[in-house]
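These notes are meant for a colleague who is opening this structure for the first time. Please keep the sequence and the model side by side while reading.

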Amino acid sequence: MSENKPVVLLAEELSPATVAALGPDFEIRQTDGADRAQLLAAIADVDAILVRSATQVDAEAIAAAKNLKVIARAGVGLDNVDIKAATQAGVMVVNAPTSNIISAAELTVGHVVSLARRIPAANASLKSGAWKRSAYTGVELFEKTAGIIGLGRIGALVAARLQGFGMDVVAYDPYVTPARAQQLGVRLLTLDELLAQSDFITIHMPRTPETLGMLGKAAFSKMKNSAYVINVARGGLVDEADLYEALKTGQIAGAGIDVFVKEPSTDLDFFQFDNVVVTPHLGASTEEAQEKAGVSVAKSVRLALAGELVPDAVNVAGGVIDENVRPGIPLIEKLGRIFNALTNAPLTTIDVVVAGEISSLDVKALELSALKGVFMDVVSEQVSYVNAPVLAEQRGVTTRLLTTSESPEYRNVLTIKGATANGEQLSVSGTLTGPKQIEKLVGINGYELEIPVTDHLLVLRYADRPGVIGTLGNVLGEQGVNIAGMQVARKEDRSEALAILSIDSTLPAGVLDIVGAAIGATAAREVDLEA
């Protein structure tokens, strides 16, 4: 062992290029991460661990690794890494958020072509000894309509490739401006319009409570009988039981599915149909994507262990950030998620304002963290400190970092301000208070308040009048929802009020609408920071 060299553990087979990217400054060890006993023994004294998908880096493994500083996943998904336990232990988690976007886009197109020309079924038939040309008549893609749900980076790549077939590409994405869509040569539609007009529908959305089951019974009923559905993004975006019924009844023409609610899945009901093409989560399974992922996280490990800013960190920014600035990083990321939840139209501008004592320091990391929070629940890919500004630019959003030493009520206040395409102005402010640095919301859209930032928040705007608070308590109580905290702020003329409620858990389906109707809310939003 070389003296004073940090130890990097390779828990799975990684390419020579990955090892080369680490360089000569580390002691490289290897183990079989799938063997639990081997892993727990090998991880005890290492500084960093590199894994793919077979190694479970859970709370037990993190606790066993007394010197661990970085967990690096050579890929996009982080299902096998306990991010919460890592954060509590002060361990940075990094991945390779952009490594698979081309591979995922190409697989999507592969599913489209396979469905249009019935390639897998014809292949299986011929290999079984049958020659049935007339049984596998397909359709051309030329002049068909492709509907893309989610026009992020992967969605945009799919659009460009399908345009090469001469397809008319339309899209639904509430976070994309018409200018950005025009730049991509894509027409923006409402979701219902897209479902009704499209011949091939491909979804590229993040998996959130709002998007879970997004393509289900109601959506299938709005599609053409000749429509095909493709999901290479996240399991659960397409409701699997509803998909089976839609295929069984001929409500849609077929489906291409690469991701599933539970993986591995080998015997789902809809697998029986010849007009279904399924693949075992192959979105990132190309040599190029694997190589990019390994090299990318190797570079991140080098940065982290050298004490520098790590753009692809998913839980902490890392690096040479002033100790007075660092506590604001998780706060402003949460403010970004709250800010996004309050938007009703695509954003056109985002200003990150840092006020108070820390404004004289280097606060660039706060801007990156704010943008990361804003886009986290918007796009299907992992958002990091390096791609958040790119996501803003791709969507035509102008961003600025503003600082001021003036902060009359708190030592420091972090604010995210923005404007939407429909002219709406939004703002969310927060601060850290007391010796324990408690994260608090102190302002929303001009309303002054002070309430701790918790995992589950309700934001309700309504005409100010007596009895509303009692109604809220009664309605939520009837629905089995416990209120942990609440604050009401009012306009000076008392025409309108804003209520912020901290609740114990995510609202059951439909309850937000019930609550909003009960008080005549002009706006009702749920913010789930635990997801």
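The numbered points below go through domains, sheets, packing helices and aromatic pairs in turn.

1. Status of the model and its division. The model is a predicted one, and the points that follow should be read with that in mind. The protein is divided into domain 1 (7-97 + 288-306), domain 2 (100-278), domain 3 (317-440) and domain 4 (454-530). Between the C-alpha centres of domain 1 and domain 3 there are 29 Å.

2. The five-stranded sheet. Five strands in the order 2-1-3-4-5 make up an open sheet, and their pairing is parallel. At the edges are strand 2 and strand 5 (92-94), each of which pairs on one side only. From one strand to the next the twist averages 20°.

3. The start of that sheet. Strand 1 (residues 7-10) and strand 2 (residues 27-30) run parallel and are joined by four bridges, and within this pairing Leu9 of strand 1 has Arg29 in strand 2 as its bridge partner. On the way from strand 1 to strand 2 the chain passes through helix 1 (residues 16-22), and the β-α-β crossover made in this way is right-handed.

4. The other edge and a helix across the sheet. Strand 4 (residues 70-73) runs parallel to strand 5 and is joined to it by three bridges; here the bridge partner of Val70 is Met92, in strand 5. Which strands does helix 12 (residues 287-305) lie across? Helix 12 lies across strand 1, strand 3 (48-51), strand 4 and strand 5, and it runs at about 170° to strand 4.

5. Strand 9 and its two neighbours. Strand 6 (residues 145-149) runs parallel to strand 9 and is joined to it by four bridges, with Thr202 in strand 9 serving as the bridge partner of Ile148. Strand 9 also pairs with strand 10 (residues 228-231), again over four bridges and in the parallel sense, and in this pairing Ile201 stands opposite Val229 of strand 10.

6. Side chains of strand 9. In a regular strand the side chains alternate between the two faces of the sheet. In strand 9 (residues 200-203), Phe200 and Thr202 point one way while Ile201 and Ile203 point the other way, and all of them are buried. After this strand comes the loop that leads to helix 10 (217-221), and Glu210 lies in that loop. Is Glu210 buried or exposed? With a relative accessible area of 62%, Glu210 is exposed. Glu210 and Gly520 are 310 residues apart in sequence, and from C-alpha to C-alpha they are 22 Å apart in space.

7. The six-stranded sheet. A further open sheet has six strands in the order 14-13-15-16-17-18, and its pairing is mixed. Strand 14 (398-404) and strand 18 (447-452) each have a single partner strand, so one side of each remains without a neighbour in the sheet. The twist averages 20° from one strand to the next. Strand 17 (residues 438-444) pairs with strand 18 in the antiparallel sense over four bridges, and Gly443 has Glu448 in strand 18 as its bridge partner.

8. Helices on the six-stranded sheet. Helix 13 (residues 328-341) packs on the sheet and touches strand 13 (347-356), strand 15 (412-420), strand 16 (425-433) and strand 17, its direction making about 150° with that of strand 16. Helix 14 (residues 364-376) lies across strand 13, strand 14 and strand 15, and it runs at about 140° to strand 13.

9. Aromatic pairs. The count of aromatic pairs comes to four. One of them is formed by Phe200 and Tyr228, which are stacked, at 5.0 Å centre to centre and with 10° between the planes. Because Phe200 lies in strand 9 and Tyr228 in strand 10, this pair ties together parts that are 28 residues apart in sequence. Both Phe200 and Tyr228 are buried. Phe270 and Phe271 form an edge-to-face pair, at 5.3 Å centre to centre and with 75° between the planes. Phe270, at 1% relative accessibility, counts as buried, whereas Phe271, at 23%, counts as partly exposed. Phe260, Phe270 and Phe271 form one aromatic cluster.

Definitions and conventions:
Residues numbered from 1 in each chain as written. Predicted model: local features only at pLDDT ≥ 70, side-chain atom pairs only at ≥ 80, totals over all residues. Heavy atoms only, no water. Pairing = 2+ DSSP bridges. Right-handed = clockwise from strand over helix to strand, strands pointing away. Buried < 20%, exposed > 50% of the residue type's maximum accessible area, 1.4 Å probe, protein only. Axes fitted to C-alpha atoms, helices over the stretch in contact; angles between N-to-C directions. Contact = heavy atoms within 4.5 Å. Domains from an automatic or database assignment. Phe/Tyr/Trp six-rings, centres within 6.5 Å; stacked < 30°, edge-to-face > 60°.
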